[in-house]
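Dear colleague,

Here is the structure I said I would pass on. My notes on it come after the files.

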Amino acid sequence: MSQQMSRERGHGIGTTKPAIVTALALVFGGIGPAAAADPNEANNPLTPKITINFQDYYTSSFYGLPGKPDANSFLFRGLIPSKLGGVPQLFRFTLPINTVPTFSRTLSPSPNGHDTGVGDLTLMDLFVVPGKVEFGAGPLLVIPTATQKDTGQGRWQAGAAGVVVAPQSWGIIGGLATYQHSFDSDSRPAQSLLTVQPILNVNLPQQFYLRSSGTMNFDLENHTHYIPVGLGIGRIWELNETTTMNTFIEPQYTVAHKGAGAPKWQIFGGVNFQFALSGPTPLASEAVVKP
């Protein structure tokens, strides 16, 4: 199996897509009229609100793999704002549940099933500089929490993450970059990964928005890469004065790749919840340019 799939979400494969199905139903069906929530605040990854995300990557096809294996990775993500030491920070975690394909041990391997397990836990601590253009940067740590060999890399990894976000009257433009490298002495293959994720959101009427967020993966250890481009739609729901729900669905197609195992078609979907902190949220008011 390829090393190329994003290390934060693992190289998950399977057929269960609960977050995608839920997001699709909510975007186009919903739970009633969408209240007037701020779409920029809901989509800004540096908004200082407690955030819980239920997201899913489904990969229907790959480049260079035998047979027709599919892939799924369910992501449980969270973000916790703080001012530890008087410095604005955002602590983010990602824990995937991956279903990976198994292949026959023959001269001509073919898919013969799937294994499912928890993947590796990724932690970030972003130090935030607010403003009309907002920046965040900080350390990244990957803990080998995978419950099966093929659902994680089996290596402790450390690195850094950086985010830049420029809210506009029409939406949001920005990007997220991460780098991680293994540092332990385990016998599993060494890891060195660079990811770059563009952030582009265009606000539409009725709390809908268009989005593009395909994550480019560069496996520096194996000299492989893949570059997906996505175009999706989402909708914001203000459930009450302190809680916002954000649903989205985004098909992604890989336009360039090197090496076998790169995803060809992916569907990224999710349901995100933001919970306002008690009292004012100065970072959000400074960073978000309202229409």
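What follows is a summary of the fold, the strand pairing, the nonpolar cores and the internal cavity.

Please keep in mind that this is a predicted model. The protein chain has 291 residues, and 51% of them are buried. Its secondary structure consists of 15 strands and three helices. Among contacts in the chain with a separation of 6 or more, 63% are between residues 24 or more positions apart.

On strand pairing, I looked at the neighbours of β5. Strand β5 covers residues 121–129 and runs antiparallel to β3, residues 89–103, with six bridges joining the two. Leu123 in β5 stands opposite Phe93. Strand β5 also pairs with β6, residues 134–143, again in the antiparallel sense, and here there are seven bridges. One of the bridge partnerships between these strands is that of Phe127 with Ala137 in β6. The two strands β5 and β6 form a hairpin with four residues between them. In the turn, Gly131 has a positive phi of about 155 degrees.

Next, the cores. The largest nonpolar core has 14 residues, and those with the most contacts inside it are Leu46, Leu90, Leu126, Leu140, Ala161, Val163 and Val165. Strands β5, β6, β7 (157–167) and β8 (171–182) each give two or more residues to this core. A second core, separate from that one, has eight residues, including Tyr57, Tyr209, Ile236 and Phe248.

Leu90 may be worth displaying with its surroundings. Leaving aside residues up to four places away in sequence, Leu90 touches Pro45, Leu46, Thr47 and Pro48, among others. Its contacts also include Leu79, Ile80 and Pro81, as well as Met124, Asp125, Leu126 and Val128.

Last, the cavity. How many cavities of 30 Å³ or more does a search of the whole structure find? The search finds one. The volume of the largest cavity is about 760 Å³. It is lined by 39 residues, of which Pro45, Gln55, Arg77, Arg92 and Gln197 are the closest to its centre. Pro45 is also one of the residues that Leu90 touches. By class, the lining has 20 polar, 14 nonpolar and five charged residues. Strand β9 (residues 192–203) gives the most to this lining, with five residues.

Regards

How values were computed. Residues are numbered from 1 along each chain as its sequence is written. This is a predicted model: local features need pLDDT of at least 70, side-chain atom pairs count only at pLDDT 80 or more; totals for chains, interfaces and linings use all residues. Side-chain values use heavy atoms; hydrogens and water are left out. Two strands pair if DSSP finds at least two bridges between them. A nonpolar core is a set of buried Ala, Val, Leu, Ile, Met, Phe, Trp, Tyr and Cys residues joined through side-chain atoms within 4.5 Å. Buried means under 20% relative accessible area, exposed over 50%, partly exposed in between (1.4 Å probe, protein chains only). Contact means heavy atoms within 4.5 Å. On a 1 Å grid over the protein atoms alone, a cavity is a set of points where a 1.4 Å probe fits but cannot get out, and a pocket is an open set with protein on both sides within 12 Å along at least five of seven lines; lining residues have an atom within 4 Å of a point. Grid points are joined across faces, edges and corners, and a volume is the space filled by probe spheres set on the points. Ala, Val, Leu, Ile, Met, Phe, Trp, Tyr, Cys and Pro count as nonpolar, Asp, Glu, Lys and Arg as charged, and the others, Gly among them, as polar.
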